[in-house]
Structure formats: C-alpha cells, structure tokens
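Reader: I am new to this structure and would like a close look at a single part of it. Please start there and then work outward to the rest.

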Amino acid sequence: MTSVFQMTGGRVTLDRRPVLRGIDLTVSEGEAVAILGANGSGKSTLVRALLGLVPLSGGTTLLYGVPPSRFRDWKRIGYVPQRLSVGGGVPATVREVVLSGRIARQRRWRRTTAEDKAAVADALEAMGLTARANDPVHALSGGQQQRVLIARALAGQPDVFVMDEPTAGVDAASQQALADVLATLVAKGRTVVLVMHELGPLEPLISRAVVLRDGVIVHDGKPPQAVGVHARPGHDHVHPHGPAERDELLRWTS
Ligand SMILES: Nc1ncnc2c1ncn2[C@@H]1O[C@H](COP(=O)(O)OP(=O)(O)OP(=O)(O)O)[C@@H](O)[C@H]1O
C-alpha cells in the first residue's frame, strides 16, 4: 500500500526544547487516523513536521515517498491548520477564501472554471455556508471561520486531509456535518489525519489512533475505548468535557 506519510526517528526541537523525540509513524493511503494527546504533547508539531512545515532536528520524513522539500504535488494535500485567522484585514468573502482552496489546482492566469465553481459550491454546501458565501469572513464567528477553512480544504479535492482540531469551537451540528463529509471521503479512499482532543461525532470514522505524550508515541492502534465511549453521540454526559476525558486517556495509555 502506498504510504502517504513516513516518519522515521523524527525529532523536533523548538527553543532548544525537544518537542518530538523519535517518532516512527507511517500513514498509508485510505487510513483515517486521529492524533490524540494532552495539551502540549506535540500533536500540532507532529502534523506540521509531516508536512515539512517544521524542520526535523533528527530522523527523516517522507511525503508520498519524497522529502517534503522536494514534494511538488501539493494539490494532493488539504491542510486545515489550528486557529488560523482568515480574512485578517482583507475583506475577503467566504466564497473567495473557499475558492483559494483551488489555487494549487489552477494553472497560472487561468480563469475560474465551471469545475472550480462547482467544487466551491459543493464545499460551501457541505459545511452549511451557502447562505454566508458573500459575507466577509471577518464578520463570522470563530467556529464559522473554522468551517470556512474546512470548506477551503474540501474545495481543493485533495487526496489527503490533515486537519488540526477541526471541531474546536464548532457547534455540534457542524461537527456532525464534518463527520458525514469525511466519512464519504474515507469511503472513496481518501486519507484523513485529524488532530483531536476528543473524537466526538468523528469517532465512527477513525480506524486508528496515535496517542502522543511528551513528544513520544505511547499508543498506536485502535482508538482508546474511554475516549470513544464518552465521545459517542447520545452518551449521557454527567461530567464536563475535557480534562476528565483526557485524564482517562492518559490513564488508559499509562
Ligand atoms: N514555535 C515554538 N517555539 C517553542 N516551543 C513551541 C513552539 N511551538 C510549540 N512549542 C511547544 O511545543 C510543545 C508541543 O506543542 P504542540 O502545539 O505541538 O502541542 P499540541 O499537542 O498540539 O498541543 P495543543 O493541544 O495545546 O494544541 C508545547 O510545549 C509547546 O509549547
């Protein structure tokens, strides 16, 4: 099976602090992987390093078999970073930001095609943003902006989706919408790597969980049951979300 990501002995040092310490991780085409772990365990750094956005201080990482610095086929990758502020001072509309997800597919100077427009319309629809398409992005709430970023990745129709906490700050209905979209993509053989705190509605989609603690992988296999059960829709929450589930996860892996 083709490996999408292949990191061997990956080390990342930031501010002289070892943030990733000897990561061996291969993700094959068609997998749906959750990267789990406590705050600061290195999840975001790991996905950024897999994409070549953070340099390794040791080890190697390959993207479709080549080092990220030599990788050229970026249209195959859709990345939704954590807490990116979109729009900024530029009054871009929701549609424009989502259309920017097509850039890697467009040849220079090429006009927006009917295919681009259809992909953007589908992505807006999937994330429930059709009615907001002409609104400036900065007028949207944080959760809505997150949906715009997800729609932008969807519009690019990549083979691989890497999403850093895509459900953070996103309401339950939109989380379910994302779960449905991703389930369809996984069924079509797309690869999905999600950084998560808790699986929530995305749990049925996840076939493999990689749990980080202090920059090392402490579990790589089936999703931890404690997280899965608590995160299942319909589970009767009698405790606040967050720390309790993370504690259980950490206990599970200790
Ligand atoms: N640019 C940076 N410079 C120095 N330290 C950094 C930098 N980025 C991250 N770190 C540190 O690296 C560690 C791992 O951070 P990372 O964001 O990868 O963790 P995380 O598991 O994604 O956390 P969270 O769930 O809070 O997003 C943290 O201790 C963080 O403070």
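Where is the place of R105?

Author: The model is a predicted one. In it, R105 has its place in the loop between α2 (94-99) and α3. R105 counts as partly exposed because it has 17 C-beta neighbours inside 10 Å, and a residue needs 20 or more to be buried. Leaving aside residues up to four places away in sequence, R105 touches K75 and G156. I23 is 82 residues from R105 along the chain, and 32 Å separates the C-alpha atoms of the two.

The loop that holds R105 lies between α2 and α3, and α3 leads to a helix pair. Helix α3 covers residues 114-126 and helix α4 covers residues 142-155. Their axes come within 8 Å and cross at roughly 145°, and the crossing of α3 past α4 is right-handed. On the α3 side the contact is made by A119, V120, A123, L124 and A126; on the α4 side it is made by A151, L154 and A155. By class, this contact has eight nonpolar residues, with no polar and no charged ones.

Helix α4 also holds V148. V148 counts as buried because it has 29 C-beta neighbours inside 10 Å, where the cut-off is 20 or more. D73 is 75 residues away from V148 along the chain, and their C-alpha atoms are separated by 23 Å.

From the helix pair, turn to the strands. One open sheet has six strands, in the order β5-β6-β7-β3-β8-β9, and its pairing is mixed. The edges are taken by β5 (77-80) and β9 (216-221); each has a single partner strand, so one side of each is left without a neighbour in the sheet. From one strand to the next, the twist of this sheet averages 15°.

Two pairs show what mixed pairing looks like here. Strand β6 (residues 160-164) and strand β7 (residues 191-195) run parallel and are joined by five bridges. Within that pair, V160 stands opposite T191 of β7. Strand β8 (residues 208-213) pairs with β9 in the antiparallel sense, also over five bridges. There, V210 has D220 in β9 as its bridge partner. β8 and β9 form a hairpin with two residues between the strands, and in that hairpin D214 takes a positive phi near 50°.

A further open sheet is made of three strands, in the order β2-β1-β4, with antiparallel pairing. Its edge strands are β2 (17-28) and β4 (58-63), each of which pairs on one side only. In this sheet too the twist averages 15° from one strand to the next. Strand β1 (residues 3-14) runs antiparallel to β4, and five bridges join them. One of the pairings is that of F5 with its bridge partner L63 in β4.

Next comes the ligand. Around the ligand are L14, D15, V19, G37, N39, G40, S41, G42, K43, S44 and T45. Sorted by class, the shell has two nonpolar, seven polar and two charged residues. Helix α1 (residues 43-50) gives the most to this shell, with three residues.

Helix α1 is itself mostly covered, with seven of its eight residues buried. The buried ones are K43, T45, L46, V47, R48, A49 and L50. Two of these names, K43 and T45, also appear in the shell around the ligand. Just after α1 comes G52, which takes a positive phi of about 80°.

Some totals set these parts in the whole. The protein has seven helices and nine strands. It has 254 residues, and 41% of them count as buried. Of the contacts between residues at least 6 apart in sequence, 70% join residues at least 24 apart.

To return to the part you asked about: R105 is a partly exposed residue in the loop between α2 and α3, with K75 and G156 among the residues it touches.

How values were computed. Residues numbered from 1 in each chain as written. Predicted model: local features only at pLDDT ≥ 70, side-chain atom pairs only at ≥ 80, totals over all residues. Near = placed C-beta within 6 Å. Helix = DSSP H or I, 4+ residues; strand = E, 2+ residues; numbered from the N terminus. Nonpolar A, V, L, I, M, F, W, Y, C, P; charged D, E, K, R; others polar. Pairing = 2+ DSSP bridges. Axes fitted to C-alpha atoms, helices over the stretch in contact; angles between N-to-C directions. Buried ≥ 20, exposed ≤ 12 C-beta atoms within 10 Å, placed from the backbone. Contact = placed C-beta atoms within 7 Å. Left-handed = near helix turned anticlockwise from the far one by under 90°.
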